[in-house]
Amino acid sequence: MHSPEQVDLYQQSLAQLLQGFSHLPDWSSAPLNQDAAQVLQRTAERLHDNFPYHHPFYLGQMLKPPHPVAQMAYTLAMCLNPNNHALDGGRASSAMELECIAQLAAMFGWTEHLGHLCGGGTMANFEALWVARELTGGHAVAASAHAHYTHSRLSRVLNVPFVTVPVDRAGRMDLAALEHILQTEQIGTVVATLGTTGLGAVDPLDRIVALRERFGFRLHVDSAYGGYFGLAGNLRPESARAYAALKHADSIVIDPHKHGLQPYGCGCILFRDRRVAAIYHHESPYTYFTSDDLHLGEISLECSRAGASAVALWATLQAFPLVREGEFARNLERGREAALKLVEWIDAQPRLRPVVVPELDIVVWMVQAETASQSSEFAQQIFDAAARREIHLAQLTLSRDFLAPLAAIEEWDQPSLKCMRATVMKPEHLAWMSRILERLAEATHEVFASPPHPCNQVRGPG
């Protein structure tokens, strides 16, 4: 929420922006009509119909407000509304975008690179798979069963075969299964995920790199959600090894609009080899005439792109550099620490079971019950009871095959069950965790203290 100090700072910055154009004749923008105040009031009222995404009590989807620096920088840029497709449409913002891309690439250990911002992870992954198709002759794409659904969907769009690789008990790509697929099928591209949007699992990238040396596939890393966590100092050793191997990827996707403190939509695609620019080659005689330098539109499938996104990201990176032990990295560590506190609490509850030990900041847990349907029903009841206490969670459906090793369900009367999921991605979650746990405890007690539904008699936690 904006404080008076933030409003004053924005007004000062706006005055500084307008001063740069003070040599132009005076003019007035379109005046607000008499209905504007009422329209904005109604707009604010309509926005009440939302979950409190900005508040620490919201732990559901991957949503949090952008940092005030990003908000103000974005709004400043919107006074000009630059378009980063071509340099004449976004001179300053295009230069700022290139600086941002260099900083993101450096975080992954790259000095040479090619890349740009885009609308989000889907578009970024689309470009990566499109380039991969062109370079591998249309051979199949392989990704884990817990990879984002966008990869199978985009493979269909690109008319490329898609192969699903099973996952291990931690939700990571099963390397033995991948090796068998590489031996038996013609795989052009392997997609590794750091981390998955369901469990936050981190595929063993260092070991996948070793397989590439044997089988010669193209390696794409979808780190749309977890890409920044290589800066965190409190990862598990196997996760840290995976992040250290990012420099060996052929292409990487990261979404600054998730952990990068940016407004939606701000995704990013990076390529290690600048020569992939040749695949994008096209002519546009009315947009690329102002400079012989590379225009961002020449290396992007999107045409018009908001220059304000680049300005907001640039300002944020100036305030929060991408360095280990810096403020940005410490905030990632706080979110992970909060997630581990939540898991510790879940593990102490007699009827609740963590599904996996979190690698990043996503926590998933299930209810121990006699049947899978009972477990799902109890999960729904806890979800609803928590929401009545303003603790907003998400849900994740997982298969019997994945959950059966936990031995928390006596009878599998359905092929999957509903689990509870929390995305503990706000740094404030650490300070608020005691209050969150108090309300979660109340919600859980409400469900299990009340008489069970007649159709859902439970013997107890086994």
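Four bridges join strands E6 and E7 in this predicted model, and the two strands run antiparallel. Within this pairing, Ser-251 has Phe-271 of E7 as its bridge partner. Strand E7 also pairs with strand E1 (residues 114–118), again in antiparallel fashion, through five bridges. Here Leu-114 is the residue that stands opposite Phe-271. Phe-271 thus appears in both pairings, facing Ser-251 of E6 and Leu-114 of E1.

How many of the five residues of E7 are buried? Five of the five are, so the strand is largely enclosed by the rest of the structure. In a regular strand the side chains alternate between the two faces of the sheet. In E7, Gly-267, Ile-269 and Phe-271 point one way, while Cys-268 and Leu-270 point the other way, and all of them are buried.

The loop that links strand E6 (251–254) to strand E7 (267–271) holds Lys-258, and this lysine is a good place to pause. According to the UniProt record, an unreviewed entry, Lys-258 carries the annotation "modified residue: N6-(pyridoxal phosphate)lysine". Lys-258 counts as buried, with a relative accessibility of 12%. Its side chain makes a polar contact with the side chain of Asp-255, at 2.5 Å. Once neighbours within four places in sequence are set aside, the residues in contact with Lys-258 are Met-62, Lys-64, Ala-224, Tyr-225 and Met-425.

The loop between E6 and E7 also contains Gly-265, and the peptide bond that joins Tyr-264 to Gly-265 is cis, with omega about -10°. A cis bond is found as well between Leu-194 and Gly-195, where omega is near -15°. Gly-195 belongs to the loop between strand E4 (187–193) and helix H8 (205–215). Most residues other than glycine have a negative phi, and most peptide bonds are trans. Against that background, two asparagines also deserve a look. Asn-81 has a positive phi, near 55°, and sits in the loop between helix H3 (68–78) and helix H4. Asn-159 has a positive phi too, near 60°, and is placed in the loop between helix H6 (150–157) and strand E3 (162–165). Is Asn-159 buried or exposed? With a relative accessible area of 69%, Asn-159 is exposed.

Helix H4 (residues 91–107) includes Ser-94. This serine counts as buried, at 1% relative accessibility. Apart from neighbours within four places in sequence, Ser-94 is in contact with Asn-84, Ala-86, Leu-87 and Leu-296.

Turning to another helix, H11 (residues 327–347) has 21 residues and spans 30 Å from its first C-alpha to its last, close to the 30 Å expected at 1.5 Å a residue. Its buried residues are Phe-328, Ala-329, Leu-332, Gly-335, Arg-336, Ala-338, Ala-339, Leu-342, Val-343, Trp-345 and Ile-346. Which elements do these buried residues pack against? They pack against three strands, E8 (352–354), E9 (362–367) and E13 (416–423), and against helix H14 (429–449).

Pro-358 is located in the loop between E8 and E9. This proline is buried, with a relative accessible area of 0%. Leaving out residues up to four places away in sequence, Pro-358 touches Arg-236, Arg-336, Leu-340, Val-343 and Val-363. Among these contacts, Arg-336 and Val-343 are also buried residues of H11. The C-alpha atoms of Pro-358 and Ala-140 are separated by 30 Å, and the two residues lie 218 residues apart along the chain.

A search of the whole structure for disulfides finds zero. For Cys-79, which is in no disulfide, the nearest cysteine sulfur is that of Cys-100, 19 Å away. Cys-100 is in no disulfide either, and the nearest cysteine sulfur to Cys-100 belongs to Cys-266, at 7.8 Å. Why is no disulfide assigned to Cys-100? A disulfide requires cysteine sulfur atoms within 2.5 Å, and the nearest one to Cys-100 is 7.8 Å away, so Cys-100 does not meet the cut-off. As for their surroundings, Cys-79 is partly exposed, with a relative accessible area of 43%, whereas Cys-100 is buried, at 0%.

Conventions. Residues are numbered from 1 along each chain as its sequence is written. This is a predicted model: local features need pLDDT of at least 70, side-chain atom pairs count only at pLDDT 80 or more; totals for chains, interfaces and linings use all residues. Side-chain values use heavy atoms; hydrogens and water are left out. Buried means under 20% relative accessible area, exposed over 50%, partly exposed in between (1.4 Å probe, protein chains only). The expected span of a helix is 1.5 Å times one less than its number of residues. Contact means heavy atoms within 4.5 Å. UniProt positions are given in the numbering used here, feature names are shortened, and annotations may be inferred rather than shown by experiment. A polar contact is a pair of N or O atoms within 3.5 Å; within protein, one must be able to donate a hydrogen and the other to accept it, and residues adjacent in sequence count only if both atoms are side-chain atoms. Two strands pair if DSSP finds at least two bridges between them.
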